[in-house]
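The following exchange introduces a structure to a reader who has not met it before.

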Amino acid sequence: MKKVVILTGAGISAESGIKTFRDSDGLWENHSIEEVATPEGWRRDPELVLKFYNDRRAQLFEVVPNDAHTALQRLEAQYDVQIITQNVDNLHERAGSSKILHLHGLLTQARSSVDESLVYELGNKEIKLGDKCEKGSQLRPHIVWFGEQVPNIEIAARMVEKADILMVIGTSLAVYPAAGLLHYAPRKCRKFLIDPNASKMDHLEGVTIINEKAGTGVPKLVEQLLNEN
Ligand code: OAD
């Protein structure tokens, strides 16, 4: 089976009703990254940080996967599909995709603030001040913040190195190291980028640019790939 590696960003979940980060009215326009997405912000005001992620977790349970998420699941009928997502939502899981690597963590998990290997399933529960891990430290969202290492990046790079086809969907490619993953694709790998603002990326060499929203562009490309096989 040919291997399809898919790098997704906030844009794939936009049509489900989850805001992106850098589009107008995106999350970073209305919140300060320093306050809610850095270790310093967490030390300064953990209650504010918990509220930001508790609200986003609550919203996650009001939305559903869209046609792009479900199309990627269908691709598994004929391809070995590996999703690498920068998203902290669980919409790929809920669409039924089987191999998903989260680069930036997951809203439905909490972790210890002293030992990052202690991760706990939250489901839709909130994290409150005073909720502790088994070592007695405050629980924090299981999210990779700015200034923190991305523990799964090496695993992701090894996956991209094996791709026959690489699809990049709904990401501004503004955040490293995730954005650098494209460079690990082998020479013979076919590369596609789906994003309604993809024209700003036409400097990317050897990439077929599909200037469409994920909800329409992804199902079309998936049908094309299924018909080829
Ligand atoms: P961005 O908000 O930076 O980029 C979203 C991309 O989605 C843009 O290129 C949009 O053009 C595109 N987009 C908007 N609507 C779309 C649609 N309907 N279909 C397809 N694409 C659409 O989000 P990311 O690139 O995911 O990190 O951001 C990367 C990281 O920065 C995030 O994981 C997050 C953020 O800070 C952390 O929180 C650690």
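The questions below concern a predicted model, its domains and its ligand.

Q: Into which domains is the protein divided?
A: The division gives two segmented parts, with bounds taken from an automatic or database domain assignment. They are domain 1 (1-18 + 65-104 + 150-229) and domain 2 (19-62 + 106-143).

Q: How many residues of domain 2 are in contact with domain 1?
A: The centres of domain 1 and domain 2, taken over C-alpha atoms, are separated by 25 Å. The two domains are nevertheless in contact: domain 1 contributes 18 residues, and domain 2 contributes 14.

Q: Why does the ligand lie between domain 1 and domain 2?
A: The ligand sits in the largest pocket. Its shell takes residues from domain 1 and also from domain 2, so the ligand lies between them.

Q: How many charged residues does the shell around the ligand have?
A: In total, 24 residues surround the ligand, and the closest are Arg22, Thr171, Ser172, Asp195 and Asn197. By class, the shell has 9 nonpolar and 9 polar residues, and the charged ones number 6.

Q: What percentage of the area that the ligand exposes when taken alone does the protein bury?
A: Polar atoms of the protein approach oxygen atoms of the ligand: a side-chain N or O atom of Ser172 at 2.5 Å, a polar side-chain atom of His104 at 2.8 Å, and a polar backbone atom of Gly170 at 3.3 Å. Taken alone, the ligand exposes 810 Å², and of this the protein buries 95%.

Conventions:
Residues are numbered from 1 along each chain as its sequence is written. This is a predicted model: local features need pLDDT of at least 70, side-chain atom pairs count only at pLDDT 80 or more; totals for chains, interfaces and linings use all residues. Side-chain values use heavy atoms; hydrogens and water are left out. A residue is near a molecule or strand if one of its heavy atoms lies within 4 Å of it. A polar contact is a pair of N or O atoms within 3.5 Å; within protein, one must be able to donate a hydrogen and the other to accept it, and residues adjacent in sequence count only if both atoms are side-chain atoms. Accessible areas come from the Shrake-Rupley method with a 1.4 Å probe; for residues, only the protein chains shown count as cover. On a 1 Å grid over the protein atoms alone, a cavity is a set of points where a 1.4 Å probe fits but cannot get out, and a pocket is an open set with protein on both sides within 12 Å along at least five of seven lines; lining residues have an atom within 4 Å of a point. A molecule sits in a cavity or pocket if more than half of its atoms lie within 2 Å of its grid points. Ala, Val, Leu, Ile, Met, Phe, Trp, Tyr, Cys and Pro count as nonpolar, Asp, Glu, Lys and Arg as charged, and the others, Gly among them, as polar. Contact means heavy atoms within 4.5 Å.
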